[in-house]
Amino acid sequence: AVVSTQSTGSRANVGAVFLTFNMAVDGDMMSNLIEGLQVASSSGTSPSSSRAHLQENGGTEEEEPLPQGWETKYDQNGRRYYVDHNSRTTSWTRPKPLPSGWEQRQDPRGRPYYVDHNTRTTTWQRPTTQNVA
């Protein structure tokens, strides 16, 4: 027997994207749809629209790309967070990219420090475009 489910004006939260849909589906189709949404949610991916694709790759038309080693992910509630694979940490706040010629490294104890390849110097203080001449 085919089970028909009617959904009118429902919302599904997938990542940071809300989908509104009206459809009639059979039981197998509904199971596949739900499984696909759960897989996308657990893997931190969102539906493939150009805007969502840009966000997954670290930016939108208005934002700069994420620094090297950072990734955008979404929790089970669709909230965006950022993963720093360099230091193996996460943050709710989007990281700001380092100025040109700078790199973040870690000392043997795991503490971040910054290398200025322009002047061949290092510092413990994170550089910004405002504090770099």
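Here are a few exercises on this predicted model, each with a worked solution.

Before you start, note that numbering runs from 1 along each chain as its sequence is written. Local features need pLDDT of at least 70 and side-chain atom pairs count only at pLDDT 80 or more, while totals for chains, interfaces and linings use all residues, and side-chain values use heavy atoms, with hydrogens and water left out.

**Exercise 1. Work out the strand order and the edges of the sheet that holds S3**.

Step 1: Get the strands. They are DSSP runs (E, at least two residues; helices are H or I, at least four), numbered from the N terminus.

Step 2: Pair them up. Two strands pair if DSSP finds at least two bridges between them. S3 and S4 have five bridges and pair in the antiparallel sense; in one of the matches, lysine 73 stands opposite tyrosine 81 in S4.

Step 3: Read off the order. This open sheet has three strands, S3-S4-S5, with antiparallel pairing. S3 and S5 are its edge strands, each pairing on one side only.

Step 4: Add the twist. On average, neighbouring strands here are turned by 30° against each other, direction ignored. The axes behind that angle are lines fitted to C-alpha atoms (for helices over the stretch in contact), and angles run from 0 to 180 degrees between N-to-C directions.

**Exercise 2. Do the same for the sheet that holds S7**.

Step 1: S7 and S8 run antiparallel and are joined by three bridges. Valine 115, for instance, has threonine 122 in S8 as its bridge partner.

Step 2: The full order is S6-S7-S8, an open antiparallel sheet of three strands. S6 and S8 each have a single partner strand, so one side of each is left without a neighbour in the sheet.

Step 3: Neighbouring strands in this sheet are turned by 30° on average, direction ignored.

**Exercise 3. Find the aromatic pairs and say how their rings meet**.

Step 1: Set the cut-offs. Rings of Phe, Tyr and Trp (its six-membered ring) pair if their centres lie within 6.5 Å; planes under 30 degrees apart are stacked, over 60 edge-to-face, and the rest tilted.

Step 2: Count them. There are two aromatic pairs. Tyrosine 81 and tryptophan 92 have ring centres 6.1 Å apart and planes at 70°, so they sit edge-to-face. Tyrosine 81 is in strand S4, and tryptophan 92, 11 residues away, is in the loop between S5 (89–91) and S6 (102–106).

Step 3: Now the other pair. The rings of tyrosine 113 and tryptophan 124 are edge-to-face because their centres are 6.1 Å apart and their planes at 70°. Tyrosine 113 is in strand S7 (112–116) and tryptophan 124 in the segment after S8 (121–123).

Step 4: Check the tryptophans. Exposed means over 50% relative accessible area, buried under 20%, partly exposed in between (1.4 Å probe, protein chains only). Tryptophan 92, at 53%, is exposed, and tryptophan 124, at 54%, is exposed too.

**Exercise 4. Are aspartate 75 and proline 95 buried or exposed, and what do they touch?**

Step 1: Aspartate 75 is in the loop between S3 (70–74) and S4 (80–84). Its relative accessibility is 10%, so it counts as buried.

Step 2: A polar atom of the aspartate 75 side chain lies 2.9 Å from the backbone nitrogen of asparagine 77. That fits a polar contact (N or O atoms within 3.5 Å; within protein, one able to donate a hydrogen and the other to accept it, and sequence-adjacent residues counting only if both atoms are side-chain atoms).

Step 3: Proline 95 is in the loop between S5 and S6 and is buried at 11%. Beyond its neighbours within four places in sequence, proline 95 is in contact with Leu66, Pro67, Trp70 and Tyr82, contact meaning heavy atoms within 4.5 Å.
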